[in-house]
Amino acid sequence: MASADIDPDRPKDILIETGYQDRFLIKQLPGATWDSTRKVWKAPTSWATCVILRGLFQQQLEIGDNLRSWAKQEFEQRISEANRLRGLLELETSDNSDAAN
């Protein structure tokens with residue numbers, strides 16, 4: 001079981017507590033570093049960090065209240081709008097069949 005929450009002293013970091021058996025799993029998280037003083041992993045507070053953490057630990061990840069609140073706000077204010085705008089994009093297609101001749 002792993003748990004993650006925003007660092008109350010440094011909100012730009014997510015603190016992640018894992019068991020020793022998960023040490024190789026958490027090392028797959030880009031930007032994760034071991035804080036030897038606090039005995040926790042730290043990673044940047046970002047949507048990407050949250051998505052990767054969920055992918056790595058799946059249902060074995062416990063989300064703290066502060067991180068849950070941040071993620072909800074991030075999704076409502078930024079992610080959902082970005083997804084909406086992405087859905088409006090239309091890629092131009094060109095017929096390259098004449099280019100080969």
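In the predicted model, tryptophan 41 is buried, its relative accessible area being 11%. Tryptophan 34, at 43% relative accessibility, counts as partly exposed. Two aromatic pairs are present in the structure. For tryptophan 34 and tryptophan 41, the ring centres lie 5.4 Å apart and the planes meet at 65 degrees, so this pair is classed as edge-to-face; the cut-off for that class is over 60 degrees.

Tryptophan 41 is also among the residues touched by isoleucine 16. When residues up to four places away in sequence are set aside, the contacts of isoleucine 16 are Ser3, Ala4, Ile26, Leu29, Val40, Trp41, Ala43 and Leu53. Ile16 belongs to the largest nonpolar core, which has 17 residues. Within this core, Ile16, Leu29 and Leu53 have the most contacts. At least two core residues come from each of strand E1 (2–6), strand E2 (13–17), strand E4 (40–44), helix H2 (47–57) and strand E5 (61–63). The contribution of H2, four residues, is the greatest.

The side chains of E1 alternate between two faces. Ala2, Ala4 and Ile6 point to one face and are buried, whereas Ser3 and Asp5 point to the other and are not buried. E1 pairs with two strands, as described next. With E5 the pairing is parallel and runs over three bridges; here serine 3 is opposite glutamate 62 of E5. With E2 the pairing is antiparallel and runs over four bridges, and aspartate 5 is opposite leucine 15 of E2. E1 and E2 form a hairpin, with six residues separating the two strands.

Strand E2 also contains aspartate 13. This residue has a relative accessibility of 9% and therefore counts as buried, the limit being under 20%. A polar contact of 2.7 Å links the side chain of aspartate 13 to the side chain of arginine 10. Beyond four places in sequence, aspartate 13 touches Asp5, Ile6 and Asp7, together with Lys42, Ala43, Pro44 and Thr45. Among these contacts, Asp5 and Ile6 point to opposite faces of E1, and Ile6 is buried while Asp5 is not.

In H2, the buried residues are Thr49, Cys50, Leu53, Leu56 and Phe57. Their arc around the helix axis is only 130 degrees, which places them on the same side of H2. Leu53 is one of the residues with the most contacts inside the largest nonpolar core, and Leu53 is also touched by isoleucine 16. The buried residues of H2 pack against strands E1, E2, E4 and E5, and also against helix H1 (23–26) and helix H3 (65–88).

Positive phi values occur at lysine 39 and glutamine 58, neither of which is a glycine. For lysine 39, phi is about 60 degrees. The residue is located in the loop between strand E3 (33–35) and E4, and at 57% relative accessibility lysine 39 counts as exposed. Glutamine 58 follows just after H2 with a phi of about 50 degrees, and its position is in the loop between H2 and E5.

Notes: Residues numbered from 1 in each chain as written. Predicted model: local features only at pLDDT ≥ 70, side-chain atom pairs only at ≥ 80, totals over all residues. Heavy atoms only, no water. Core = buried A, V, L, I, M, F, W, Y, C linked by side-chain atoms within 4.5 Å. Buried < 20%, exposed > 50% of the residue type's maximum accessible area, 1.4 Å probe, protein only. Contact = heavy atoms within 4.5 Å. Pairing = 2+ DSSP bridges. Phe/Tyr/Trp six-rings, centres within 6.5 Å; stacked < 30°, edge-to-face > 60°. Polar contact = N/O pair within 3.5 Å; in protein donor to acceptor, adjacent residues only side chain to side chain. Arc of directions from axis to C-beta.
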